[in-house]
Amino acid sequence: MDEALKEAARQVPSLAVLVVLVVYFLRALDRRDQTIRAIADSCHATQAKASEAISENSRVMGRVCEALDAQRQLVADAVRDGIDRSALANRS
């Protein structure tokens with residue numbers, strides 16, 4: 001029994017070093033996880049903003065297309081009715 005206690009006493013420094021290494025490792029993992037969470041949160045926020053911008057651009061593009069269609073129709077009507085656009089331009 002005395003030999004077992006002596007062997008255990010000799011192993012205490014190794015055990016202490018092992019515990020310190022495990023604590024440092026766990027802290028490093030925690031810092032890494034926090035960094036990954038921060039990056040993920042930033043990424044999700046950026047994706048949400050990009051999605052909103054795409055939606056707004058699509059809405060505006062639809063309105064521009066409607067305006068262009070209306071102008072095309074006006075030009076087509078003018079051509080169909082025989083109005084000479086160059087004559088209209090010279091009136092000013």
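**A colleague's note on a helical chain**

1. Overall make-up. The protein chain contains two helices and zero strands. Please keep in mind while reading that this is a predicted model. Of the 92 residues in the chain, buried residues account for 1%. The chain exposes about 8300 Å², and 62% of that area comes from carbon and sulfur atoms.

2. The span of helix 1. Helix 1 covers residues 2–80. A simple length check works out nicely here: with 79 residues at 1.5 Å a residue, helix 1 should span 117 Å, and the distance of 114 Å between its end C-alpha atoms agrees with that.

3. A bend along the way. Helix 1 has a kink of about 35° at Val 12, and the proline Pro 13 comes shortly after that point. If you plan to look at the helix axis, Val 12 is the residue to find on screen.

4. After the helix. Gly 82 follows helix 1, and the phi of this glycine is positive, near 80°.

5. Salt bridges in general. How many salt bridges does the structure hold? The count is five. As background, side chains of opposite charge can pair when their charged atoms come close. Three of these pairs are taken up in the next points, beginning with Asp 2 and Lys 6.

6. Asp 2 with Lys 6. The closest N and O atoms of this salt bridge are 3.8 Å apart, which falls inside the 4 Å cut-off. Both Asp 2 and Lys 6 belong to helix 1, where four residues, or about one turn of the helix, separate them. Lys 6 has a relative accessible area of 47%, so it is classed as partly exposed.

7. Glu 7 with Arg 10. Here the N to O distance of the salt bridge is 2.0 Å. Arg 10 and Glu 7 sit three residues apart in helix 1, again about one turn. Is Arg 10 buried or exposed? Arg 10 counts as exposed because its relative accessibility is 57%, whereas Glu 7, at 32%, counts as partly exposed.

8. Asp 69 with Arg 72. This salt bridge has its closest N and O atoms 3.0 Å apart. Arg 72 and Asp 69 are three residues apart in helix 1, so about one helical turn lies between them. The general point behind such spacing is that an α-helix has 3.6 residues a turn, so residues three or four places apart point the same way. Arg 72 is exposed at 52% relative accessibility, while Asp 69 is partly exposed at 45%.

9. Cysteines. How many disulfides does the count come to? The answer is zero. For reference, a disulfide is a covalent bond between the sulfur atoms of two cysteines. Cys 43 is partly exposed, with a relative accessibility of 36%. Cys 65 also counts as partly exposed, at 36% relative accessibility.

10. A nonpolar patch. Which residues form the nonpolar patch on the surface? They are Leu 15, Leu 18, Val 19, Val 22, Val 23, Phe 25 and Leu 26, and together they have about 640 Å² of accessible area. Val 19, one of the patch residues, lies in helix 1. With a relative accessible area of 46%, Val 19 is partly exposed.

Key. Residues are numbered from 1 along each chain as its sequence is written. This is a predicted model: local features need pLDDT of at least 70, side-chain atom pairs count only at pLDDT 80 or more; totals for chains, interfaces and linings use all residues. Side-chain values use heavy atoms; hydrogens and water are left out. A disulfide is a pair of cysteine sulfur atoms within 2.5 Å. Buried means under 20% relative accessible area, exposed over 50%, partly exposed in between (1.4 Å probe, protein chains only). A salt bridge is a side-chain nitrogen of Lys or Arg within 4 Å of a carboxyl oxygen of Asp or Glu. Accessible areas come from the Shrake-Rupley method with a 1.4 Å probe; for residues, only the protein chains shown count as cover. Patches are made of residues with over 30% relative accessible area and no salt bridge: like charges are joined within 9 Å, nonpolar side chains (Val, Leu, Ile, Met, Phe, Trp, Tyr) within 5 Å. The expected span of a helix is 1.5 Å times one less than its number of residues. The bend at a residue is the angle between axes fitted to the seven residues ending there and the seven starting there.
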